[in-house]
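Hello,

Here is the model for your files. My notes on it follow below.

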Amino acid sequence: MALVPVLALIAGQFLPAYPLRILDMILLYAILGLGLNIIVGYAGLLDLGYVAFYAIGAYSWALLASGQFDIHLPFALVLLIGASLAGLAGILLGIPVLRLRGDYLAIVTLGFGEIIRVLMNNLDGVTNGPQGIARIDEAHLFGWTLSTPHDFLYLLVALLVVVFLFVWRIQESALGTALSAVREDQDAARGCGIDTTRVKLVAFAFSAFVGGGCGVVFASMQRFVSPESFTFWESLIIVLVIVIGGLGNPFGALLGATLLILIPELLRAYADYRLLLYGMALVIIILARPRGIISRAFGPSWLMRRLGGGKC
Amino acid sequence: MGALILQQTINALTVGSIYALIALGYTMVYGVLRLINFAHSELFTAGAFIGLALAGALGIAGHPTGGLLVGLITFVLVGLAGVSVEIVAYRPLRGTSRLAPMLSALGMAVVIQNAVMLIGGRRPMIYPSFLPSGVIDVFGAVVSYKQITIFLVAVVLMIGLELFVNRTNLGVRIRAVAENAETASLVGINPNMAISLIFFIGPGLGAVAGILYSSFYGVATFTMGFVIGMKAFTAAILGGIGSIPGAVLGGFLLGAIETFGTAWMPVLTGGVIGTEYRDIFAFSVLVLILLFRPAGLLGEHVSEETRVYKSDF
């Protein structure tokens, strides 16, 4: 794991702007994948509206740091606000749904993603409708200006490390154990005294929190947001990142993001077939390796054991 | 005022018929496999496009009698597609986990939607109406023959399904498998046969709904299944998922809520909430049912957890 940020930073030293931007996108999707993995990989619940939380984060930055309402808050604060708003939305959405059958979550989150998009499109007075919000502020973090893909590389690597450690620690914590119990057999989990609703809700909120944070970073990278960027396909790609990489494995998100961002760049000429191929890949991978390319067992804890250090 | 309400009721019945026809496919699959068949909404779209292609090929575009033939052929073709989807993408995953078949269904939805796009084109297609044209005036409300036909076709299909499931030998088998696949196989029923039958009828009905929908609005786009599918699934939950009469009731009810909601909201809120929020009604309904009556209107009161959380495919 330690190699990935180091490699990314070294690559950042000599890569030109365009590949660097792709590298940034890979890192961003890896972080999104890590976040979504909490609910899909660990709790085993399908969230098809992850983009809604991403959008909430992005619009937080767009509204709180632009000429739209002439509010200009600092980046670190908005990062916290955006992520928290998304987490709160996750809790509010999760309360009616998560105490029920888990598979309803898929359709409710699908609807929620659509609603957020309809709202962004129609609340013209707030979000500027389909035109989106342009001329968003440059991000400043503790006196450091984030403007080039190079600057964002550092930020994203730092965030990736933080989120990775966070997700890994969740996995190894009592919450992680409870989540895998809920995933494998909810009745048995309840029999062991696990408050299944609360566990699922906490996982959902954490997941949304990470998604919101990514949204803030995305908006500060693009310095432009519009509802176009937050369609269902975006949610689908993030689901694919973890399904292809490996469900419930933080390394899987890294691998999945790399494959899913890099392959379309290589196949630009076949843009029309991209989604068709994605769909087929999803079905084939699920049929052949229902748990993704890297299996759940080969996670960071396994690596630590192999290297002879660390606990677990 | 009276005429306005009557008009909205008729519009609601039209939309409701279509929702109900699609909801039947969702509810039957969910009742047996506990699977949200994401590919269903795309088979609805595929139905509309296949209908269009057939009409062109047979040279009977825009003719009501030809429409019947087109509807029948489309039903069979899309039904067979549904059966193939189940055999290829869902059957190998039976008994693995809850998540795997859902992801596979999602993948199939993407594949079908993009196949429709690559064959049928990105742009919205002008759709010939297979329904009789003309309008009649009923107590001040304008009712088109299209609307009457849609309603009648839907009702005939629903009665047919109800009779099939309750009065025929095959129907008994389907109900037995839905009740408990293992026990059904003990008494000599092949669950795979019953499941294939469900995946034939459900998408077939969805495909007919696709033709009706596109004939009514005069347009077909490759993305149209997404939102309609979501609403139809909401209708299935509203009526009580797994219940066939529930899906019908849910479809009509959702049609009514949406039509009246869209019509009255701008009036009630002084124009703040306009008709552009139409798609939000279904979602609000969904969250409200989940809060207050998770089993749906006609759903059975069973322990939610045990029925679904065990991998009891």
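These notes cover the contact between the chains and one helix pair.

The model is predicted, so to speak of local features pLDDT must be at least 70 and side-chain atom pairs count only at pLDDT 80 or more, while totals for chains, interfaces and linings use all residues. Residues are numbered from 1 along each chain as written, chains are lettered from A in the order written, and side-chain values use heavy atoms, without hydrogens and water.

Chain A and chain B each put 48 residues into the contact (heavy atoms within 4.5 Å). They bury about 4,600 Å² between them, 72% of it on carbon and sulfur atoms (accessible area, 1.4 Å probe, lost on being put together and summed over both parts). Zero salt bridges link chain A and chain B (Lys or Arg side-chain nitrogen within 4 Å of an Asp or Glu carboxyl oxygen). Helices 4 (75-98), 5 (104-122), 9 (186-191), 11 (232-245) and 13 (274-288) of chain A each supply at least two residues to the side that touches chain B (helices are DSSP runs of H or I, at least four residues, numbered from the N terminus). Helix 5 of chain A gives the most, 12 residues.

Within chain A, helix 3 (residues 50-64) packs on helix 4 at about 145°, with the axes 8 Å apart (lines fitted to C-alpha atoms over the stretch in contact, angles from 0 to 180 degrees between N-to-C directions). Among the residues that meet are Phe53(A), Gly57(A) and Trp61(A) from helix 3 and Val78(A), Gly82(A) and Leu85(A) from helix 4.

Regards

Conventions. Buried area is the accessible area (1.4 Å probe) that two parts lose on being put together, summed over both.
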